[in-house]
Amino acid sequence: MKFKKGLSMAAGVSLIVAAGCGNDNNAADGGNGEENNGGNNGETTTLSVWAMGEEGNALGSFVESFENEHENIEVNVQAIPWDNAHDSLLTAVASGDGPDVLQLGTTWVAEFAGAGAFLDLSDYEDDYDMINNDDFFEGALDTTYYNDAIYGVPWYVDTRVLFYRTDILEEHGYEEPPQNWEEMLEVSRELADRGDGMFGFDIDQNDQLVPPIFAWQNGWEFNEEEAEENFADPAFREAMDYYHTYFAEGLVQETEGVPIEQGFEEGSKPMFTSGPWMINIIRNEAPDIDGDWDVAMFPGNERNASAIGGSHLSVFAKTENPEEALEFISYMSEPETQIEWFKETNTLPARQSAWDDEELQQDEKLAVFGDQLEEAVAPPVLSQWENIAQDLLSSLERINRGGADLDEELDNFQQQAANRLD
Amino acid sequence: MNHKNALTPWLFIGPAVLLLIMFSLLPILVSLLISFTDIDLIGLGNWDMVEFVAFENFIALFQDPLFHRSIFNTLVYVSIGVPLVIICSLSVALMLNYMSNKLFSFFRVLFYVPSITNIVAIAVVWGFLYNMDVGLFNFIINSLGLQNVPWLEHPFMAKISLIILAVWKGIGINMLIYLAALQSIPRSFYEAADIDGANKFQKLRYITIPSLSYATFFVTVTTLIGWLQFFEEPFVMTGGGPLDGTMSMALFIYERGFQYNEFGYAAAASLILFIFIIVATLIQFTFNKSKEN
């Protein structure tokens, strides 16, 4: 998961691998198990589940209700910090010794599925309703496919929306948030004009998703057969020019500056884009501006596109308990469970019917995320994508900060992409 | 030596040799081998997919502008950082050796603390200090009426900033080595010099510094090796940016190997770094030998 990586990297390096086991529910479980021994020929399967970050910490106690329903399955949750997740998966693939079920960031599908780390779920499609179910957001389902196989079931999703300061925009005569690129630039220019150290918008230059989001907003689509020719598409080039405009005109801060929460609170960065986790961060860290900010769809050109992220649940290829693993995933993807999980962790349900729940309906800020998810596009599921996206960021950095020529640099980038895809 | 004890020496060195083979020699051999293959994540899971590619990795490396950049940056780090560490730690040691009361032992601790502090904690604090807009350094510079310094925002300045940080962190341990060496210089040398009427500078020039040549050699070799593998500072502070200005060879290897899973390519790069280090160390050894003669 690229989203949170930068944020937690510094802190994470020092983290000791806290393999916090979440099954402090043994006592209750043991009792139940014994009672039902007669019905279940007494064999208990232990299902090992890897979950990352906050989700890992919460899942341990959450699975109790699943264990109560399935007396013969005991779930052993291992919480893995995001910063160790990639290495842990790598080790599991190399040694063949992994969990039964694991949480998988949507951006890692191609990389690990290509290495044969996961079970192809299309063989089980007829027996399990949740596999390839179109009740999931389309963007989430898209990232479960790789090479005509299905390698996961969406668990939760996230997407970027526009966060903006209603009071500051109103002061400058904007009652509504910007709706498209033109208005975005207009508002940004107006707000950046407030003086030294004031900006209109904010772009995280290490965020791999912003450039493709702009391209999607401009009607660009990545077509695998066209390979590097995708990056010659005028829609793509125009979007990169749009990206560059923010830097060329000083509408966003080029240097590190203050953390975005602080800039947003001070008003020096009155607009930025981020995911659902930011709502609580701002509520907690900037209580003074409560009521003076809101979220809106990410304004686009052709369409208000954004990127979809989140996590899937996948079955490890070398598991000995595929049926139990699928049973567990099936439980986790039921709409009711998804709503419960949302209440527990505030992560957004991947299943569209879960969004009919009252609590999700009533929260206006969440509703924006719901709308945005319908317009959210998934990054291409391609093992070279990570490299290409990073190359693109480097090229854009050379354009924005190194003064390189936009077209020339993007031609170079296209050439680089050709080598990568070769 | 009789027959019965022929095995004894082997038993003594056995454990150490075994550990060395398992954890040092074998990994080096393996990385040498995989530097000639195209092993990646897929190959790791399924060895049939690994192919022998001869020198392709090395050819690609020599054409990779980012690798050139990382070599250049590493050379900058080494050529500025190593002399700076030696000069600074020697001066600090000389000053701390001047007296030995409570105040001086307190300063000794003070200078040593940075080297035992967690690099991540350092990075967080220095990251704020170096912040171009809200950092303490620029605040001080501003109040002196000078322009903001782009500490971590300019490719060359960022290198200098990381060197300052690493020197600050590296002084402690080398200072300790120098202090120990200083205290082992016989007093009689200085007494003799006093009788001859040598002044302070002459004593430093003709007694102290020559007596420290072994310590200096040791410090130079270890510091040079450490700086050729410059990694932690750019990894936690800048991630190699801005504009790849702080990308070091070790960071390049790490990113290729563990972020992009190009194990073969990374192994090839680490082999080149290995050669760099061996050559640099050999040069120093021969230089030291010729000086002794």
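Let's start with chain B of this predicted model, which has 14 helices and 0 strands. Walk along chain B from the N terminus and every element you meet is an α, one after another. How spread out is chain B, next to a compact globule? Its radius of gyration is 24 Å, whereas the globule rule gives 19 Å for 293 residues; the value for chain B is well over that, so the chain is more spread out than a compact globule. If you drew a box along the principal axes, the C-alpha atoms of chain B would fill roughly 80 × 75 × 35 Å.

What about the inside of chain B? Of its 293 residues, 31% are buried. Now take the contacts in chain B with a separation of 6 or more: 66% of them join residues that sit 24 or more positions apart.

Next, see where the two chains meet. Here 20 residues of chain A are in contact with 20 residues of chain B. On the chain A side, helix H1 (5–13), helix H5 (82–95), H6 and helix H18 (385–400) each supply at least two residues. Which of these gives the most? That's H18(A), with 4 residues. Sorted by class, the side of chain A that touches chain B has 7 nonpolar, 7 polar and 6 charged residues.

Chain A itself is divided into two parts: domain 1 (5–159 + 308–377) and domain 2 (161–307 + 381–421). Their C-alpha centres lie 30 Å apart. Where the two domains of chain A touch, 22 residues of domain 1 are in contact with 21 residues of domain 2. Several elements of chain A each supply at least two residues to the domain 1 side, among them H6, strand S6 (153–159), strand S10 (306–315) and helix H17 (364–374). H17(A) gives the most to that side, with 5 residues. By class, the domain 1 side that touches domain 2 divides into 10 nonpolar, 7 polar and 5 charged residues.

You've now met H6 of chain A twice: it supplies residues to the side that touches chain B, and also to the domain 1 side that touches domain 2. Follow chain A onward from helix H6 (109–114) and you come to a loop that runs to helix H7 (138–142), with A:Asp127 in it. Is A:Asp127 buried or exposed? It has 10 other C-beta atoms within 10 Å, and a residue with 12 or fewer counts as exposed, so A:Asp127 is exposed. For a sense of distance, A:Asp127 and A:Tyr246 are 119 residues apart in sequence and 51 Å apart in space, C-alpha to C-alpha.

Technical notes
Residues are numbered from 1 along each chain as its sequence is written. Chains are lettered from A and ligands numbered from 1 in the order in which they are written. This is a predicted model: local features need pLDDT of at least 70, side-chain atom pairs count only at pLDDT 80 or more; totals for chains, interfaces and linings use all residues. The radius of gyration is taken over C-alpha atoms; the globule rule is 2.2 Å times the number of residues to the power 0.38. A residue is buried if 20 or more other C-beta atoms lie within 10 Å of its own, exposed if 12 or fewer, and partly exposed in between; C-beta atoms are placed from the backbone. Two residues are in contact if their C-beta atoms, placed from the backbone, lie within 7 Å. Ala, Val, Leu, Ile, Met, Phe, Trp, Tyr, Cys and Pro count as nonpolar, Asp, Glu, Lys and Arg as charged, and the others, Gly among them, as polar. Domain bounds come from an automatic or database domain assignment.
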